[in-house]
Amino acid sequence: MVPRDASWLLVLRAARDRRGRCWLRVRLPARPNHAAAWVNANRVVPEPTRRRLVISRAARTISVYRGGDRVGRFRVVIGAPPTPHGLFSIVDIWPWNPRDFLGSYILPITAHSNVLQEFGGGDGRVGIHGRGGSSLLDPLGAARSHGCIRLANRAIEWIVRKVGADDLPGIPVRVR
């Protein structure tokens, strides 16, 4: 893994070694889905966030939190077989064509599909994205993707505006 693979990594915990150096355990944007590694805290710039996204596979929703307050909730299409569960983070934000299958934005996360080893030349990474084209045939609340979380374009556009495009990379995404 190199820095361009993910400019933001989710810190899972911190610890000091016998010499007093601080190390951070981070979620890696690699397979398997719960891959993690220790990095020297002196080599990174930790930034706190009060924001997080929570995806409920059972309710088929995505919720946006600021601090402990839920500020938004939207219906989604989830994976069948299920979207991988666990604690991940957003890797990047890509504006897209709203009429395309992937909708107006793609938010790739550190999770990978349990079904696809690769997709579109990539490594089968799971994304949170809008809906357009033939993806509109799958109703919100369905389990029809290969692992991605699809939501209405107006919903993902609201998330991008509410959280801020510059603040989305690195925020935690809990999939239950």
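Which strands does helix α1 (residues 153-163) lie across? In this predicted model, helix α1 lies across β4, β5 and β6, and runs at about 160° to β6. Contact here means heavy atoms within 4.5 Å. The angle is taken between N-to-C directions, on a scale from 0 to 180 degrees, with axes being lines fitted to C-alpha atoms, for helices over the stretch in contact. Helices (H or I, at least four residues) and strands (E, at least two) are DSSP runs, numbered from the N terminus.

A little background helps with the rest. Residues are numbered from 1 along each chain as its sequence is written, and side-chain values use heavy atoms, with hydrogens and water left out. Since the model is predicted, local features need pLDDT of at least 70 and side-chain atom pairs count only at pLDDT 80 or more, while totals for chains, interfaces and linings use all residues.

The strands under the helix belong to an open sheet of five strands, in the order β6-β5-β4-β14-β8, with mixed pairing. Two strands pair if DSSP finds at least two bridges between them. The edges are taken by β6 (69-75) and β8 (86-89); each has a single partner strand, so one side of each has no neighbour in the sheet. From one strand to the next, the twist averages 20°.

Going through the pairs, β5 and β6 run antiparallel over six bridges, and Arg66 stands opposite Asp69 in β6. Strand β4 (residues 51-56) and strand β5 (residues 61-66) also pair in the antiparallel sense, over six bridges. These two strands, β4 and β5, make a hairpin with four residues between them, and Arg60 in the turn has a positive phi of about 60°. Across this pair, Arg52 stands opposite Tyr65 in β5. The side chains of these two residues meet as well: the charged end of Arg52 sits over the ring of Tyr65, 4.2 Å from its centre. For a charge to sit over a ring, NZ of Lys or CZ of Arg must be within 6 Å of the ring centre and within 35 degrees of the ring normal. Strand β4 also pairs with strand β14 (residues 172-175), in the parallel sense over three bridges, and there Ile55 stands opposite Val175 in β14.

There is another open sheet, this one of three strands in the order β1-β2-β3, with antiparallel pairing. Its edges are β1 (11-16) and β3 (36-40), each with a single partner strand, so one side of each is left without a neighbour in the sheet. Neighbouring strands of this sheet are turned against each other by 25° on average, direction ignored. Five bridges join β1 to strand β2 (residues 22-27) in the antiparallel sense, and Arg13 stands opposite Arg25 in β2.

Next come the charged pairs. Side chains of opposite charge can pair when their charged atoms come close. With a salt bridge taken as a side-chain nitrogen of Lys or Arg within 4 Å of a carboxyl oxygen of Asp or Glu, the count comes to three. One joins Asp17 and Arg21, whose closest N and O atoms are 2.8 Å apart. Asp17 is partly exposed at 22% relative accessible area, and Arg21 is partly exposed at 34%. Buried means under 20% relative accessible area and exposed over 50%, with partly exposed in between (1.4 Å probe, protein chains only).

Asp138 forms a salt bridge with Arg144, with 3.4 Å between the closest N and O atoms. Arg144 counts as partly exposed at 48% relative accessibility, whereas Asp138, at 16%, counts as buried. The side chains of Arg150 and Asp138 also meet in a salt bridge (2.6 Å, N to O). This pair links distant parts of the chain, 12 residues apart: Arg150 is in strand β13 (residues 149-150), and Asp138 is in the loop between β11 (125-129) and β12 (143-145). Both Arg150 and Asp138 are buried. Through shared partners, salt bridges join Asp138, Arg144 and Arg150 into one network.

Finally, strand β10 (residues 105-112) holds His112, and Ala111 lies in β10 too. His112 counts as buried at 0% relative accessibility, and Ala111 counts as buried at 0%. Not counting residues up to four places away in sequence, His112 touches several residues, including Pro29, Pro84 and Asp123. With neighbours within four places in sequence left aside, Ala111 is in contact with Asn33, Phe88, Arg125 and Val126.
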